[in-house]
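User: Hello! I am new to this structure and would like to learn how to read it. Could you take me through it feature by feature?

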Amino acid sequence: MKLVGSDLQIFLGTRQMNKLIHNEVQRVKSMTNTLQDYKIGVEIHQGITSLLENVDNFGKVKVEETPLNLPLKEAKVDQAQIIHIPTGQSFDRTRLQLQQKFKIKDKNNNTNVRGCGILPNNHLLIADFNNKNTAMIEYSDDGRHIRDIPVSYQPFDLAIIDSDRMAVSYGPKQNMEILNINNKTVHTKVTFEWGCYGISYQKGNIYILVVNEGIVEMNMSGKRLRTIGGKYADACIYYITTTNDRIYCTHSDENLVF
């Protein structure tokens, strides 16, 4: 909340959390007050010295039950909070720092990387459009080749859905698939009238650029929800990405980002 929320959201959210914390503290208190502490000892029989003659037992086990005194230190949840509001940073001051660089495995030196994505485990999926074996390539974040994942055609672009699923576009093949990267099964397949290229996933929906149509939004079963046409139907718009409330796409000939 401190990173992305407004002052009002932080204030209201903090009050709500304080109420939840107070309720949890009271619940823990009520539980600990009902617990019992047990002290177990042995009371030795007075006639132990004449054990062999008169005593038929060593003693009795006694259980003493007393209320449990379990200390509970409450945090001061109502104390003032110092709110850190992140300052804006202009695009001109943004700098990238190289974390890792590695060469993609390629026997024929004919790699044509068109798309990539990062899995939840930080592994990379790379779409090699020139891969004759029609496979998606998986690498670790330190550049170690993990495996090749077979797909139906030469992949153009991909969108990570979760740790098990991805959506793949096949460019001029006019197909898009949602498939399981672990058991290689295809959940959904959609065929378009024209080539489909850039693809993105956001909030349960798939966004894909289709030539002569534009940006097509679909649900996970492949049902078309809407099409944003017009200038976005240009054949030179290839790549797309999405955020919570925005769609970005690139025009290669005019050097534009919409």
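Analyst: Happily! Let us begin with burial: a residue is buried under 20% relative accessible area, exposed over 50%, and partly exposed in between, using a 1.4 Å probe and protein chains only. Please keep in mind that this is a predicted model, where local features need pLDDT of at least 70, side-chain atom pairs count only at pLDDT 80 or more, and totals for chains, interfaces and linings use all residues. Residues are numbered from 1 along each chain as its sequence is written, and side-chain values use heavy atoms, leaving out hydrogens and water.

User: Is Ile237 buried or exposed?

Analyst: Ile237 has 3% relative accessibility, so it counts as buried. Ile237 belongs to strand E15, residues 237-242; strands (E, at least two residues) and helices (H or I, at least four) are DSSP runs numbered from the N terminus. A contact means heavy atoms within 4.5 Å. Setting aside neighbours within four places in sequence, Ile237 is in contact with residues including Leu209, Tyr232, Cys249 and Phe258. The C-alpha atoms of Ile237 and Ser252 are 6.3 Å apart, although 15 residues separate the two along the chain.

User: What share of the residues in the protein chain is buried?

Analyst: Of the 258 residues in the protein chain, 31% are buried. The chain contains 2 helices and 17 strands.

User: How do I read a sheet?

Analyst: Strands of a sheet pair through backbone hydrogen bonds, either parallel or antiparallel. Here, two strands pair if DSSP finds at least two bridges between them. One open sheet has 4 strands in the order E3-E4-E5-E6, with antiparallel pairing. Strand E3 (113-118) and strand E6 (145-150) each have a single partner strand, so one side of each lacks a neighbour in the sheet. From one strand to the next, the twist averages 25°, taken between N-to-C directions on a scale from 0 to 180 degrees, with axes fitted to C-alpha atoms.

User: Which residues face each other in this sheet?

Analyst: E3 and E4 pair over 5 bridges, and Val113 stands opposite Asp128 in E4. These two strands form a hairpin with 5 residues between them, and Asn122 in the turn has a positive phi of about 75°. Further along, E4 (residues 124-128) pairs with E5 (residues 135-139) over 4 bridges, where Leu125 has Glu138 as its bridge partner.

User: What is the strand order in the open sheet that includes E7?

Analyst: The order is E7-E8-E9-E10, and the pairing is antiparallel. E7 (157-160) and E10 (186-191) are the edge strands, each pairing on one side only. The twist averages 15° from one strand to the next.

User: And how do I read a core?

Analyst: In soluble globular proteins, nonpolar side chains tend to be buried together. A nonpolar core is a set of buried Ala, Val, Leu, Ile, Met, Phe, Trp, Tyr and Cys residues joined through side-chain atoms within 4.5 Å. The largest one here has 14 residues, and Ala167, Phe192 and Ile206 are among those with the most contacts inside it. Strands giving two or more residues to this core are E9 (175-180), E11 (196-202), E12 (205-210) and E13 (214-219). E12 supplies the largest share, 3 residues. Another core, of 13 residues, lies apart from it and includes Val151 and Leu179.

User: How many residues does helix H1 have?

Analyst: Helix H1 (residues 7-34) has 28 residues. A helix's expected span is 1.5 Å times one less than its number of residues. From first C-alpha to last, H1 reaches 41 Å, close to the expected 40 Å. Its buried residues include Ile10, Gly13 and Val25.
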